[in-house]
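Here is a short report for someone meeting this structure for the first time. Have the sequence and the 3D view open while reading.

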Amino acid sequence: MSPAPDGRTDPRFARALLQREDAFLRVDEEDDAVFYGPARIVSHLDETALNTVERLAAGLITEDDPKVLDLMASVDSHLPSRREFSSVTGLGMNEEELEANPTLTDWVVHDLNKDPVLPFADDTFDVVTNVVSVEYLTRPFEVFKEVGRVLKPGGLCLVVFSTRWFPPKVVRAWEDAREEERLGIVEEFLRQSGSFESSGYFISMGLPRPEDDRYFSLGTPSDPVFAVFAEKQGGAGGRKQRMVLRDPAQLDTDWGAVQLRKKKVGETMECPHCQQVLSKWEVPDDPCIDWPNDFLYLCFNDFCPFVVRGWRFMWNQAILGTSYRYLFNPIKGTSTTVPIRGLTDLRPGIVEEDPAGRFRSAIERGLVDFSSMPKVKDYGPKLGPPKG
Ligand SMILES: C[S@@+](CC[C@H](N)C(=O)[O-])C[C@H]1O[C@@H](n2cnc3c(N)ncnc32)[C@H](O)[C@@H]1O
């Protein structure tokens, strides 16, 4: 079946995966206490992705001084640092990690795979978050029923995941699912609990990885961020609208201006999308390449909206891990694209690099506007329309 226009597949795929007999088996079936015994004082996503998670949470959590449960918590709860919380309770497997988490006001060590019953009273929390952990649950349907029980009516459940996990402990249905089907899996957990209003989702992919990240040299963009969120049924009317962060594939573009700049590339030698100076790139010396050019001109700006959007655009066509760069042919005067599977691809062919700092100064001059990205905007699926 072909993917839906937004890159998602029919929810029946997720349901079929979850119904398999081996859906919740793992490579390591030993007691989770053994695997999670040693403390891991680490970040599970790169800084760019973590920043996205925090901004997403900032927009979705609209309660004043909410009581939060961070389910499957470790050293970082990813809550917006400038907000006040009346309490943040952590539930996880490792005491040392929970103790090291500066956001938690209280915490409990509790194995959800042994006992999915949450040790909290009904209608206790305004918000339940679960970050990069849902793939380890072997009894998720029971756990999400419990999430529904401990949330207050109208409270928010936010589940965030990415494409990294501990391989021995991930359940088979998750590992076998395609990225877009995992959204459907989480939606199914929420739906089958019978406690939630219809869910919304968020995807962010294609932003460059920070230069000091340990995986930067691989050339892969920042860890993608996927999220599913829903409100518990029965919320009171008149409460604040939750906002969904704008994803990088939705960057504003003035297409008229791009068209005008494209016509002038031969004079400016600037990328029409980001206005960075194009780099001179040597065409490979290969008898099978018939291009008359010795050189082409490419945009090597990893923040270029064309590249950032490209990862998502290709993902929507079910082509994962691929984007493209802008290419100008100076002999023909034509613009086209060249595919990439990583941000380091094609770089060895650069013979004349963009003058350092030119792109940053373009931002300073207001030529490129990324300001919409960090802002929480009224965009995308909304939750909690005022009732009554
Ligand atoms: C990849 S870490 C993510 C931690 C944290 N949520 C974060 O965003 O950094 C996975 C977490 O899931 C928790 N976890 C795994 N299995 C669990 C279980 N059976 N019951 C409760 N928590 C579990 C572990 O304590 C571990 O900290």
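Helix H1 (residues 11-19) and helix H7 cross at roughly 70 degrees, and their axes come within 8 Å. That angle makes H1 roughly perpendicular to H7. On the H1 side, the contact uses Pro11, Phe13, Ala14, Arg15, Leu17 and Leu18. On the H7 side, Glu181, Gly184, Ile185, Glu187 and Glu188 meet them. By type, this contact of H1 with H7 holds six nonpolar residues, one polar and four charged. The model described here is predicted.

H7 (residues 179-193) also packs against helix H5 (residues 140-150). Here the angle is about 60 degrees, with the axes 8 Å apart. H5 is therefore oblique to H7. Pro140, Phe141, Phe144, Lys145 and Gly148 form the H5 side of the contact. Phe189, Leu190, Gln192 and Ser193 form the H7 side. Five of these residues are nonpolar, three are polar and one is charged. The crossing of H5 and H7 is right-handed.

**The whole protein**

How many helices and strands does the protein have? There are 11 helices and 14 strands. The protein has 388 residues, and 42% of them count as buried. Contacts can also be sorted by distance along the sequence. Among contacts with a separation of 6 or more, 72% join residues 24 or more positions apart.

**Three residues to find**

The table gathers three residues, with the number of other C-beta atoms within 10 Å of each.

| Residue | Location | Other C-beta atoms within 10 Å | State |
|---|---|---|---|
| Val132 | loop between E4 and H5 | 25 | buried |
| Ala318 | loop between H10 and E11 | 13 | partly exposed |
| Leu296 | strand E10 | 21 | buried |

Start with Val132. Its loop runs between strand E4 (125-131) and H5. The phi of Val132 is near 40 degrees, a positive value in a residue other than glycine. Is Val132 buried or exposed? Val132 is buried, because 25 other C-beta atoms lie within 10 Å and the cut-off for buried is 20 or more.

Ala318 is not a glycine either, yet its phi is positive, at about 70 degrees. Its loop links helix H10 (305-316) and strand E11 (323-329). Ala318 is partly exposed, with 13 other C-beta atoms within 10 Å.

Leu296 sits in a strand, E10 (residues 295-298). Why does Leu296 count as buried? Leu296 counts as buried because 21 other C-beta atoms lie within 10 Å, and 20 or more are needed. Which residues does Leu296 contact, leaving aside neighbours within four places in sequence? They are Trp281, Val283, Leu327, Phe328 and Asn329. Take Phe328 as one of them. Leu296 and Phe328 are 32 residues apart along the chain. Their C-alpha atoms are separated by 6.2 Å.

**Around the ligand**

Finally, turn to the ligand. It is surrounded by 19 residues. Which of them are the closest? Met72, Ser74, Gly92, Met93 and Val131 are. The shell around the ligand divides into eight nonpolar residues, seven polar and four charged. One of the closest, Val131, bears the number at which strand E4 (125-131) ends.

Notes. Residues numbered from 1 in each chain as written. Predicted model: local features only at pLDDT ≥ 70, side-chain atom pairs only at ≥ 80, totals over all residues. Near = placed C-beta within 6 Å. Nonpolar A, V, L, I, M, F, W, Y, C, P; charged D, E, K, R; others polar. Axes fitted to C-alpha atoms, helices over the stretch in contact; angles between N-to-C directions. Helix = DSSP H or I, 4+ residues; strand = E, 2+ residues; numbered from the N terminus. Parallel < 35°, antiparallel > 145°, perpendicular 65-115°, else oblique. Left-handed = near helix turned anticlockwise from the far one by under 90°. Contact = placed C-beta atoms within 7 Å. Buried ≥ 20, exposed ≤ 12 C-beta atoms within 10 Å, placed from the backbone.
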